[in-house]
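Here is my note on the model you sent round. Please read it with the structure open, and take the points in order.

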Amino acid sequence: MHGEYKVPGGKLVVVDLDTRDGVLRDVRVAGDFFLEPDEAIRAIDRALEGAPADTDASGLAARIDAALPPGTEMFGLTTEGIGVAVRRALAHATDWTDYAWQLIHEPPRPPALHMALDEVLTTEVAAGRRPPTLRVWEWGAPAVVIGSFQSLRNEVDPEAAERHGIEVVRRISGGGAMFIEPGNTITYSLSVPDALVQGLSFTDSYAYLDDWVLGALGDMGVKAWYQPLNDIATDAGKIAGAAQKRMVAGQGAVLHHVTMAYDIDADKMTEVLRIGREKLSDKGTASAKKRVDPLRRQTGLPREAVIERMIGSFRDRYGLTEGRVTDEEKARAEELAATKFGTREWTARVP
């Protein structure tokens with residue numbers, strides 16, 4: 001069995017192993033990380049040898065920690081990351097490069113149709129009728145997108161939303177509310193086979209699926225990292241929020257989508273969103289305006305250039321071909337937008 005895991009912000013860990021009688025055998029750990037002293041790599045292999053095959057990543061990390069020589073130093077590597085690579089080997093997880101990735105970047109769509117497209121495209125990936133897909137959104141109207149389980153009245157001031165012509169829609173994933181204005185945000189979705197995140201905890205899958213974005217931001221001079229569970233942050237503050245939905249149809253798939261702040265009107269956002277003191281305190285900020293740090297200021301680039309560089313980073317890493325929403329997918333999404341995502345019943349399902 002073979003497993004790979006790129007430590008977020010670090011290096012690639014590769015594990016080859018077998019299992020016999022319910023325990024790990026013939027374990028070999030490798031990768032492009034840095035490790036001192038040399039004998040530490042064999043200590044890691046010995047620590048994993050004979051471990052029960054159902055040991056979780058934290059348990060495997062604990063075995064390694066206890067076996068490392070005094071003074072061991074790791075660069076681009078963590079014992080938890082090794083544990084994750086083992087779990088991915090045992091789960092027969094796939095890798096990014098095992099797939100022919102498709103890009104969808106089409107003209108602006110209404111907010112409700114974007115919600116529907118996420119559901120339709122990810123269902124198609126789960127059924128094996130569509131390749132894994134990166135979809136970059138263009139917004140046809142301003143919107144507030146609330147999480148699947150959020151209370152509508154607790155999150156949005158309806159009078160302010162109406163005054164500013166902002167549509168409120170509810171997505172199928174959890175997480176918090178996102179304030180959207182065309183041209184001021186960058187939103188993308190990944191619709192991926194479940195096998196890509198096998199062996200990863202729910203928490204680890206967030207950073208794993210966005211590691212390419214952190215690399216792209218770094219190339220633009222923005223030092224960013226994942227702030228668990230679902231924020232992408234910099235020294236200047238939060239710049240993005242992610243959310244996920246697991247689909248169970250067919251072989252299974254994961255919808256992972258992210259909204260990044262490019263140039264948010266913070267005054268308007270705080271009028272429309274009911275952001276409470278507790279939420280602000282949790283983010284460690286004194287004012288709602290400071291929660292969003294636009295990418296325009298940090299990169300000095302036009303929005304279109306930021307998107308182009310992000311797509312280029314993904315293509316360089318994993319390969320990417322141009323695609324489109326098929327006529328059948330569009331028709332199904334339009335029906336869903338009309339019967340589900342554009343209805344008061346869905347949007348106010350949690351009043």
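**Notes on the predicted model**

1. Start with the aromatic rings. Ring pairs link Tyr5, Trp96, Tyr99, Trp101, Tyr188, Tyr208, Trp212, Phe314 and Tyr318 into a cluster. Keep in mind that this is a predicted model. The structure holds 13 aromatic pairs. One of them joins Phe314 and Tyr318, edge-to-face, with 5.1 Å centre to centre and 80° between the planes.

2. Stay with that pair. Phe314 and Tyr318 both belong to helix α12, residues 303-318. They are four residues apart there, so about one helical turn separates them. Are they buried or exposed? Both Phe314 and Tyr318 are buried.

3. Another ring has a charge over it. Lys340 lies over the face of Trp346. The distance from the ring centre is 4.6 Å.

4. Next, the cavities. How many of 30 Å³ or more does the structure hold? There are two. The largest has a volume of about 50 Å³. Its lining includes Ile104, His105, Arg109, His114, Arg135 and Val325. Three elements give two or more residues each to this lining: β6 (102-105), α4 (111-127) and β7 (133-136). By type, the lining of the largest cavity has six nonpolar, two polar and four charged residues.

5. The second largest cavity has a volume of about 40 Å³. Leu134, Val136, Ile186, Tyr188, Trp212, Ile307, Met310 and Ile311 line it. Here the elements giving two or more residues are β7, β11 (185-193) and α12. Which of them gives the most? Helix α12 does, with three residues. What kind of residues line this second cavity? Eight are nonpolar, with no polar and no charged ones. Note the overlaps: Val136 is in the lining of the largest cavity and in that of the second largest. Tyr188 and Trp212 line the second cavity and also belong to the ring cluster.

6. Now look along helix α13, residues 327-341. Its buried residues are Glu329, Ala333, Ala337 and Phe341. Why do they share one side of α13? They cover an arc of only 75° around the axis, so they fall on the same side of the helix. The other side of α13 has exposed residues: Asp327, Glu328, Glu335, Ala338 and Thr339.

7. Ile180 sits in strand β10, residues 178-180. Its relative accessibility is 0%, so Ile180 counts as buried. Thr343 is 163 residues away from Ile180 along the chain, and their C-alpha atoms are separated by 19 Å.

8. Check the backbone too. Most residues other than glycine have a negative phi, and most peptide bonds are trans. Two bonds to look at are cis. The peptide bond from Glu36 to Pro37 is cis, with omega near -5°. Pro37 is in the loop between β4 (34-36) and α1 (40-48). A cis peptide bond also joins Pro228 and Leu229, with omega about 0°. Leu229 lies in the loop between β12 (225-227) and β13 (231-234).

9. Last, positive phi. Asp21 is not a glycine, yet its phi is near 55°. It is found in the loop between β2 (12-20) and β3 (23-31). With a relative accessible area of 82%, Asp21 is exposed. Asp26 has a positive phi of about 55° as well. Its place is in strand β3. Asp26 is partly exposed, with a relative accessible area of 42%.

Conventions: Residues numbered from 1 in each chain as written. Predicted model: local features only at pLDDT ≥ 70, side-chain atom pairs only at ≥ 80, totals over all residues. Heavy atoms only, no water. Phe/Tyr/Trp six-rings, centres within 6.5 Å; stacked < 30°, edge-to-face > 60°. Buried < 20%, exposed > 50% of the residue type's maximum accessible area, 1.4 Å probe, protein only. Lys NZ or Arg CZ within 6 Å of the ring centre and 35° of its normal. 1 Å grid on protein atoms, 1.4 Å probe; cavity = no way out; pocket = protein on both sides within 12 Å on 5 of 7 lines; lining within 4 Å. Points joined across faces, edges and corners; volume = space filled by probe spheres on them. Nonpolar A, V, L, I, M, F, W, Y, C, P; charged D, E, K, R; others polar. Arc of directions from axis to C-beta.
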